[in-house]
Amino acid sequence: MDCLFCKIIEGVIPSNKVYEDDMCLAFYDIAPQAPVHILVIPKKHIASADGIDGGNSKYVAHIFERIPNIAKEAGLVNGYRVITNCGADACQSVKHLHFHILGGAQLSEKMA
């Protein structure tokens with residue numbers, strides 16, 4: 001499989017890790033859209049939110065259980081935004097489910 005995020009999980013491509021356990025990996029985005037921009041990915045390849053099902057939803061639940069602590073450790077005490085893009089119209093650039101944690105400043109109310 002030629003997946004950028006799978007290669008990061010395997011350690012073939014380096015990343016600036018924030019958190020890691022047996023089910024997920026969090027690292028700083030290389031093109032940040034906010035002062036703090038962290039990506040959280042499941043260690044199981046799931047192409048997008050459309051690929052979440054009963055057999056892999058435990059990875060998503062696990063990620064959302066970890067996000068508050070990841071955000072807190074990153075200093076996001078005044079709030080943060082969690083986003084996932086799904087498909088071409090949403091500009092999903094890597095076909096591996098990932099969640100963006102954005103914060104570190106007042107974010108725009110506009111989503112576009």
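How many aromatic pairs does the structure hold? Let's take that one straight away. The structure holds 2. Keep in mind that this is a predicted model.

Here is one of them. F5 and F27 form an edge-to-face pair. Their centres are 5.7 Å apart, with 75° between the planes. Where do these residues sit in the chain? F5 is in helix α1, residues 4-10, and F27 is in strand β2. That puts them 22 residues apart, so to speak at distant parts of the chain, which the pair links. F5 and F27 are both buried.

Now the pair of F64 and F99. The ring centres are 5.0 Å apart and the planes stand at 80°, so this pair is edge-to-face. It too links distant parts of the chain: F64 belongs to helix α2 and F99 to strand β5, 35 residues apart. Is F64 buried or partly exposed? Its relative accessibility is 39%, so F64 counts as partly exposed. F99 has 5%, so F99 counts as buried.

Next, the core. As a general point, nonpolar side chains in soluble globular proteins tend to be buried together. In this model, the largest nonpolar core has 18 residues. Those with the most contacts inside it are I38, V40, I63, I70, L76 and I101. At least two core residues come from each of β2 (24-28), β3 (36-42), α2 (57-73) and β5 (99-103). Which element gives the most? That is α2, with 6 residues. Another core, of 9 residues, lies apart from this one. Its members include C3, C6, I8 and L25.

Look at I63 for a moment. Leaving aside neighbours within four places in sequence, I63 is in contact with C24, V40, I41, P42 and F99.

That brings us to α2 itself. Its buried residues are Y59, V60, H62, I63, I67, I70 and A71. What do they pack against? The answer is β1 (17-20), β2, β3, β4 (80-83) and β5.

How long is this helix? It has 17 residues, and at 1.5 Å a residue it should span 24 Å. The end C-alpha atoms are 25 Å apart, so the two values agree. Still, α2 bends by about 35° at R66. A proline, P68, follows within four residues. Just after the helix, G75 takes a positive phi of about 85°.

To recap: α2 gives the most to the largest core, and its residue F64 pairs with F99 of β5. Thanks, everyone.

How values were computed. Residues are numbered from 1 along each chain as its sequence is written. This is a predicted model: local features need pLDDT of at least 70, side-chain atom pairs count only at pLDDT 80 or more; totals for chains, interfaces and linings use all residues. Side-chain values use heavy atoms; hydrogens and water are left out. A nonpolar core is a set of buried Ala, Val, Leu, Ile, Met, Phe, Trp, Tyr and Cys residues joined through side-chain atoms within 4.5 Å. Buried means under 20% relative accessible area, exposed over 50%, partly exposed in between (1.4 Å probe, protein chains only). Contact means heavy atoms within 4.5 Å. The expected span of a helix is 1.5 Å times one less than its number of residues. The bend at a residue is the angle between axes fitted to the seven residues ending there and the seven starting there. Rings of Phe, Tyr and Trp (its six-membered ring) pair if their centres lie within 6.5 Å; planes under 30 degrees apart count as stacked, over 60 as edge-to-face and the rest as tilted.
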